[in-house]
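Here is a short briefing to read alongside the structure. Feel free to keep your viewer open as you go.

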Amino acid sequence: MAFVNLQNVTYKYPLTKEPVLQNLSLQIQEGEFVSVIGPNGAGKSTLCYALAGFVPHFFKGEISGEIEVDGKLSSKSTLDTWVLNVGLAFQNPFNQISGAKYTVFEEIAFGLENIGVPRDEMKKRVEDAMSLTGISELADRSPYSLSGGQQQRVALTSILVMRPRLLVLDEPTSQMDPIGTREVFGVVRKMAEEGMTVVMVEHKVEWIAEFADRVIALKEGQILMEGKPNEVLTSDLLTENGFGVSRYTSTAREAKKQGLWKKQNLPVTLDEAVEGFKK
Ligand SMILES: Nc1ncnc2c1ncn2[C@@H]1O[C@H](COP(=O)(O)OP(=O)(O)OP(=O)(O)O)[C@@H](O)[C@H]1O
Ligand SMILES: [Mg+2]
């Protein structure tokens, strides 16, 4: 049995006419790092909410089908218990900040405090998590004084510190520079190696190609395509459906038309492009 199992999930928000997720079925293995891509409004965030229990438990609306994580059904759980297993970093990191705490350290400790983790253990877990995501020096800052990228790191850290079995990240690097982005992908990869299951919505296809195990291309609430990152990210289907592709893919695709790209597969990353053009 897959660790995450979505079976024919159809979901409509209370105020929308059409369902945003349409008969979606999806299986994810434990320890797998899956990346979700898709145009604006495809339903990526809604899929994150569904995995994290906010759909339907918080947003209400109409849902059919089943959402199962670690053998438990979302429909038979409450949000309180669901979030102990599944951590979500929201698309806008600002929404993650509790507003109840003065420092980044306290902010990250907040979740552990709520579940009654003893003081000493809490301190150690927060320090370890901050060191993992490279924000130790922000400990005494106010969460509101941070840049967008720093807030995103704090949001990620406050989820990781809870050690969820399933980590759901909604565009966690959107406000980060390339160095920050690479670090986040590295941390996420490491968590997956240690057995955490990861679903990450992202646009940065070159990093996805390098780090993710599988890519799911979502369009209009349905899976357009899924598979190995290079296969999906270089597919003509993506270009035809208005997905963003890597500049190396589009360059090589043009070169191929002129007989200048000899390999079967198109590249996604710079390294793959350089390698391919050498031949
Ligand atoms: N809380 C809500 N109530 C009603 N409709 C919503 C709500 N959140 C999203 N929607 C609608 O659901 C559809 C899918 O939105 P969603 O945010 O899941 O897409 P997305 O793929 O994450 O888009 P983006 O790339 O802009 O983040 C959109 O038409 C959006 O307007
Ligand atoms: Mg979104």
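Strand 3 (residues 33–37) and strand 9 run parallel and are joined by four bridges. This is a predicted model, so please read the details below with that in mind. After the strands, the briefing turns to the magnesium ion and then to ligand 1.

**Strand 9 and its partners**
- Within the parallel pairing, serine 35 stands opposite valine 215 in strand 9.
- On strand 9 there is a second pairing: five bridges join it to strand 10 (residues 222–227), and these two strands run antiparallel.
- One of the residue pairs here is lysine 219 with glutamine 222, its bridge partner in strand 10.
- Strand 9 and strand 10 form a hairpin with two residues between them. In that turn, glutamate 220 has a positive phi of about 50°, which is a handy spot to look at if you check backbone torsions.
- Why is strand 9 (residues 214–219) largely enclosed by the rest of the structure? Five of its six residues are buried, so the rest of the structure largely encloses it.

**The magnesium ion (ligand 2)**
- Which protein atoms coordinate the magnesium ion? They are OG of Ser45 and OE1 of Gln91, at 2.0 to 2.2 Å.
- This pair links distant parts of the chain, as serine 45 and glutamine 91 are 46 residues apart.
- Serine 45 belongs to helix 1 (residues 44–52), while glutamine 91 sits in the loop between strand 6 (86–89) and helix 4 (104–114).
- Is serine 45 buried or exposed? Its relative accessibility is 18%, and because buried means under 20%, serine 45 counts as buried.
- Glutamine 91, at a relative accessible area of 37%, is partly exposed.

**Ligand 1 and its surroundings**
- Ligand 1 is surrounded by 14 residues, and the closest are Gly41, Lys44, Ser45, Thr46 and Gln91.
- Both residues that coordinate the magnesium ion, Ser45 and Gln91, appear among those closest to ligand 1.
- By residue type, the shell around ligand 1 divides into seven polar, five nonpolar and two charged residues.
- The side chain of asparagine 40 places an N or O atom 3.1 Å from an oxygen atom of ligand 1.
- Glycine 41 contributes a backbone N or O atom, 2.9 Å from an oxygen atom of ligand 1.
- Serine 45 also has a backbone N or O atom 2.9 Å from an oxygen atom of ligand 1.
- On its own, ligand 1 has 640 Å² of accessible area, and the protein covers 65% of this.

How values were computed
Residues are numbered from 1 along each chain as its sequence is written. Chains are lettered from A and ligands numbered from 1 in the order in which they are written. This is a predicted model: local features need pLDDT of at least 70, side-chain atom pairs count only at pLDDT 80 or more; totals for chains, interfaces and linings use all residues. Side-chain values use heavy atoms; hydrogens and water are left out. Donors are N, O and S atoms within 2.8 Å of the metal (3.2 Å for Na, K and Ca); water is not among the atoms, so sites may look incomplete. Buried means under 20% relative accessible area, exposed over 50%, partly exposed in between (1.4 Å probe, protein chains only). A residue is near a molecule or strand if one of its heavy atoms lies within 4 Å of it. A polar contact is a pair of N or O atoms within 3.5 Å; within protein, one must be able to donate a hydrogen and the other to accept it, and residues adjacent in sequence count only if both atoms are side-chain atoms. Accessible areas come from the Shrake-Rupley method with a 1.4 Å probe; for residues, only the protein chains shown count as cover. Ala, Val, Leu, Ile, Met, Phe, Trp, Tyr, Cys and Pro count as nonpolar, Asp, Glu, Lys and Arg as charged, and the others, Gly among them, as polar. Two strands pair if DSSP finds at least two bridges between them.
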